[in-house]
Amino acid sequence: MTETMPLVEMRDMSISFGGVQAVDGVSVSLFPGEVLGLLGHNGAGKSTLIKMLSGAYRADGGRIFVNGAEADISSPRDAKTYGIETIYQTLALADNIDAAANLFLGREIITPWGTLDDAAMEAATRKVMHRLNPNFQKFDAPVRALSGGQRQSVAIARAIHFNAKILIMDEPTAALGPQETKQVADLILQLKREGIGIFLISHDIHDVFDLADRVAVMKNGKLVGTAPTDAVSKDDVLGMIIIGKCPPGATPGPGAASEAELAATGAPALH
Amino acid sequence: MSHDAHGQPAAAASVGLPSRKTGVLQALEVDTRLLGMLGALLLIWVGFDLATGGQFITPRNLFNLSVQTASVAVMATGMVLVIVTRNIDLSVGSLLGVLAMAMGAIQAELLPQIWGLDHPLTWAATLLVGMALGAMFGALQGGIVAYLGVPAFIVTLGGFLVWRGGAWWVTEGRTVAPLDSTFNLMGGGIDGAIGATASWAVGAVVSVYIVVSTVAARHRRRRFSFPVKPLWAELCVAGVLIAAVLGFVTVMNAYPHPERRVAIDLVDTLRAEQATGGLSAETLALVDRMPAELQTLVADPTGGNRRALIRGLSDWPELPRPAHGIPIPVLIVAGVALVMHFLATRTRFGRYVFAIGGNPEAAQLAGVNTKRVILSVFVLMGVLCAISAAIAAARLQAAGNDLGTLDELRVIAAAVIGGTALSGGFGTVAGAVLGALVMQSLQSGMATIGIQTALQSMIIGAVLVLAVWIDTLYQKTRK
């Protein structure tokens, strides 16, 4: 991995909201074909960090590099031009319009006369949805009428249809049943084989541990550390999430608890 | 699949097409909500017709009804978009007032100084300046809403007072009259209608347009091998639309000019032709058919003879009276509604308007410049207020500073009765126009049967609440 250039590198990212330092000096990188699990409690700053990458928030400090070149991301549109696509936890779908309209929202196909080419968009949507969810039929219904899994498919379809190079998935399976969760996992493995880098954000370690190549753990807006999943156990990662304790196989970050702090919590000392 | 027979690729089957729809209404793909409104409208018309002993569903009354609806209907098409984006515009009535006053002052006081009275371009220049002013005022309000984050309710409540004050200020309260005679055609009336032949022409053009757009839409879906409506359903919908258009033309053409007006015109023609050396063959043939006592008056139609001739001709049952035809304000409404429907359903702008209404955050995250879209919606609303102001002032042939008072409520009610959801994200232009027609039908129907004004307001208010309640029930059962 050390010889490949990272797909994305975020250096020293910071942002605060009304005096609350939501993300404080976090640096992470993502390599092609890699799944990076971004873990932490609710409120640890995972989603906020990633929203700076997807252009939803503008960072107070820090720099973002895409393929080694510095990227200037100040809006969702900017992020998309760098091939960064996001599937938000809330899915970010407009409930009152249909799947095709959501899929192409902001990137509509236009006829030579400048009008919406709904037929072309529906055709493309049928194709991509067929790949994700072959049973999906409700192409002329507003997204409101779809099930949780179907809505999820639409959100995923929107992200992968435009040749994403970097995919951000924020709690992608939170609203799904076991069957659909399995589908999403298969999809992630498939996208990974295609060389797409994936940020997988979750507060639940079980969701990501088996899929991720590495995990990065955040606590109170700071990076506790990163670790390859084959060098640490689930318990190790839980320790990182809960008390900020960095295990031997991990690279500690600025948020890792010191020995003195760990002693105060009664946890066993570091090696 | 049946598409294969037409040489279409069978790929459609592989991406999973739904099975052919069952049920007549489903096959027709008709908006049941719109259908319900048409039913309600019919009920209102028949009810008033019975209550007035057959005076409501007459060409004359329907002509007047359509003219009275025009101004509110034009604004309602814009209010749909405003409400769809989860905003509101309480200022449209006042905006109409100030724009009418401005247009009045421009055509009656400013332009005559430049190119004299009754210049053929006065109406166009006035309307253009009015629309530009409307766009500016709309941009001011929309800018404050979108970029400064002040709620639209407050901004336009402020606008409600500001523009009404402005309407007074333009001429310090003086009513501007008379207006330019060409400009006045926008208000309807005897001259403000296009006559029988042109009306049939308009009906024919619209019918052809309906056929062409139906075929084009079908062709587009075929190109991608999507399921299409059964042919009989397509023919049915197009047939009903064409019948409605031609029916409307027939009704408007069944309303002739009033006898006295025709008689005066005829006498003027006689005098003009006599002065320029003899009657034309056409006039001569008409004179031949007149009763003898009228023929003697024709020889010298001046002084007392002129008055007697006008009276006699007015009472002559065979006096040929030309038809009104489609009123110009109705043509304006049709044009505006077509453009607004196109904007709402066929353009990126319209798509963004609805996406913002459904989920503003999602639209923003998808890269939509939501602020600019909202600004544009208010600009559009301002332009439509100018068009409505022209119609309203032209109808009265005068611009007074109280023009458009309470129109904001009529416009919002029309949009809401027409199915626009105040929570945003849903509404149609056709519904709003129909809503405006329902409101106006109630109002003029009640006036016809002599219900007191105070009671009229109370009934309209109750109907508004009732309509929204029924819609709420409808939305619940549909889920």
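Me: Which residues in α8(B) are buried?
Reply: Keep in mind that the model is predicted. In α8(B), the buried ones are B:S199, B:G203, B:S207, B:I210, B:T214 and B:R218.

Me: And what covers the buried residues of α8(B)?
Reply: The cover includes α9 of chain B, residues 231-253.

Me: How far apart are the end C-alpha atoms of that helix α8, and what should it span?
Reply: Helix α8 of chain B has 28 residues, 196-223, so at 1.5 Å a residue it should span 40 Å. Its end C-alpha atoms sit 41 Å apart, which agrees.

Me: What phi does B:S225 take, just after α8(B)?
Reply: B:S225 has a positive phi there, about 55°.

Me: OK, switching to the interface. How many residues does each of chain B and chain A put into the contact?
Reply: Chain B gives 34 residues and chain A gives 32. The area buried between the two chains is about 2,700 Å², with 57% of that from carbon and sulfur atoms.

Me: How many salt bridges are there between chain B and chain A?
Reply: Four. In a salt bridge between A:D118 and B:R351, the side chains meet at 3.1 Å, N to O.

Me: Which helices of chain B supply at least two residues each to the side that touches chain A?
Reply: α8, α14 (328-346), α15 (348-358) and α16 (360-365) of chain B each do. The largest share, seven residues, comes from α15(B).

Me: How many residues on that side of chain B are nonpolar, polar and charged?
Reply: On the side of chain B that touches chain A, 15 are nonpolar, 10 polar and nine charged.

Terms used. Residues are numbered from 1 along each chain as its sequence is written. Chains are lettered from A and ligands numbered from 1 in the order in which they are written. This is a predicted model: local features need pLDDT of at least 70, side-chain atom pairs count only at pLDDT 80 or more; totals for chains, interfaces and linings use all residues. Side-chain values use heavy atoms; hydrogens and water are left out. Helices (H or I, at least four residues) and strands (E, at least two) are DSSP runs, numbered from the N terminus. The expected span of a helix is 1.5 Å times one less than its number of residues. Buried means under 20% relative accessible area, exposed over 50%, partly exposed in between (1.4 Å probe, protein chains only). Contact means heavy atoms within 4.5 Å. Buried area is the accessible area (1.4 Å probe) that two parts lose on being put together, summed over both. Ala, Val, Leu, Ile, Met, Phe, Trp, Tyr, Cys and Pro count as nonpolar, Asp, Glu, Lys and Arg as charged, and the others, Gly among them, as polar.
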